[in-house]
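Morning, everyone. I'd like to walk through side-chain contacts today. Here is the model.

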Amino acid sequence: MRSSRLERVLLVLAAPALALVFSAAVAATVLLVAGFSPSEVIPPVVEFGSSATSLAAVVNKAATYYLAGLSAAIGFRMLLFNIGIDGQYRLGVFAAAVVGAAVTLPPFLHVALIVVVAMLTGALWAAIAGYLKVRRGVSEVISTIMLNVIATGLIAYLLTPGRLAERAEGSNNVSTPLLPESAWLPDIPLGDQSVFGFVPIAVLVGVLYWWLLGRTRFGFELRASGLSLRAAAVSGVDSRRMILITIMMSGAVAGIAGLPQLLGSSHRYGLDFPPGYGFTGLAIALLGRNNPVGVAFGAVLWAWLERSAQMFDLLGVSKEIVTILQAVIVLSVVVAYEFIRRAALVRQQRQVRRLDAVAGMEVTS
């Protein structure tokens with residue numbers, strides 16, 4: 001029994017180890033093809049990414065990536081591909097910035113209002129895709145992609161002077177009004193550096209994700225529906241209701257993905273607010289296998305690679321190598337887990353055949 005448990009643990013650890021080794025080999029190969037020596041490039045990159053300033057920046061960026069990854073993971077557990085995370089994230093933070101700047105409340109209530117507005121906006125925007133799927137049979141992939149485009153146009157229309165935005169004096173940057181200081185989350189000291197005050201909230205969302213999906217009846221029904229809608233329906237689970245609730249939950253988490261930056265540094269939504277978190281979240285969810293701890297490691301790794309890419313510029317190496325490495329890591333993890341899954345399946349089949357042989361010998365004797 002103990003040896004069998006040890007074998008299962010080793011199989012689980014083998015997948016990320018294989019992915020890491022393969023990714024490192026690909027990174028070294030790409031550097032060699034580009035005309036650089038890995039032994040000369042990698043050490044300064046690792047040193048730069050491991051500095052205190054870089055680690056604080058990594059944690060701040062990873063908080064947003066983590067929330068985007070959890071948003072994607074919620075959909076994946078239901079076999080829903082929420083490609084609209086980017087639109088839900090931007091609409092959520094935009095609405096939160098507008099509402100937050102229009103009211104004055106005590107600090108705790110002010111931040112709570114902003115979080116609620118962001119979650120509701122993301123959930124309602126995702127609900128459109130959920131409604132189209134359960135009522136009209138429209139694929140959520142198609143509808144969420146189209147909703148991303150609509151969200152971009154809607155924000156561009158509203159983010160203009162005279163509507164919901166203003167132009168800073170002496171600048172071409174257009175943004176929502178500055179949030180009152182009661183809506184600013186103070187940074188958390190981390191040695192000589194500091195991280196966004198929203199980081200603990202992101203961790204709390206991960207804990208809630210683990211508890212809701214792994215320790216509640218609702219989570220069991222969601223996972224059962226993801227495995228087979230027909231089997232879940234036979235068991236009394238309303239599959240349409242589960243699809244709508246799941247995609248709204250995914251949208252709600254996506255809606256708060258931009259709050260670490262909004263409440264921690266920018267304090268307004270402008271043209272310079274970074275897009276593209278949606279597809280990053282999908283990749284991180286795949287990297288973390290929809291597990292909250294795995295998604296956290298994936299978010300930190302992704303943020304660390306992006307931060308370390310700044311050193312590539314100083315060394316004269318193309319930053320696109322980091323993009324290649326990120327894609328290779330995701331692909332490596334998927335392939336490695338599939339390889340390990342098949343190896344575990346072969347191992348189980350051998351054990352069954354061995355038990356059948358033993359049982360046959362006992363019957364004949």
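First, a term for accessibility. Buried means under 20% relative accessible area, exposed means over 50%, and partly exposed is in between, with a 1.4 Å probe and protein chains only. This is a predicted model: local features need pLDDT of at least 70, side-chain atom pairs count only at pLDDT 80 or more, and totals for chains, interfaces and linings use all residues. Residues are numbered from 1 along each chain as its sequence is written, and side-chain values use heavy atoms, with hydrogens and water left out.

Salt bridges, then. The term means a side-chain nitrogen of Lys or Arg within 4 Å of a carboxyl oxygen of Asp or Glu. How many salt bridges does this rule give? The count is three.

Take Lys-133 and Glu-140. Their side chains meet at 3.0 Å, N to O. Lys-133 has 26% relative accessibility, so it counts as partly exposed. Glu-140 is at 5%, so it counts as buried.

Next, Asp-86 and Arg-90. The closest N and O atoms of this salt bridge are 3.2 Å apart. Both Asp-86 and Arg-90 are buried. They sit four residues apart in helix H4, so about one helical turn separates them. Helices here are DSSP runs (H or I, at least four residues), numbered from the N terminus.

Then Glu-221 and Arg-217, also a salt bridge, at 3.2 Å, N to O. Is each partner buried or exposed? Glu-221 is buried at 16% relative accessibility. Arg-217 is exposed at 68%. These two are four residues apart in helix H8 (residues 217-227), so again about one helical turn lies between them.

Now the rings. Rings of Phe, Tyr and Trp (its six-membered ring) pair if their centres lie within 6.5 Å; planes under 30 degrees apart are stacked, over 60 edge-to-face, the rest tilted. The structure holds six aromatic pairs. Why is Phe-76 with Phe-81 edge-to-face? The centres are 5.3 Å apart and the planes are at 70 degrees, so the pair earns that label. Phe-76 is buried at 11% relative accessibility. Phe-81 is partly exposed at 43%.

Tyr-89 and Tyr-277 form a tilted pair: 5.0 Å centre to centre, 50 degrees between the planes. This pair links distant parts of the chain, with Tyr-89 in helix H4 (residues 85-102), Tyr-277 in helix H12 (residues 277-287), and their positions 188 residues apart. Tyr-89 is buried at 0% relative accessibility. Tyr-277 is buried at 5%. Ring pairs also join a cluster, whose members include Tyr-65, Tyr-89, Phe-94 and Tyr-277.
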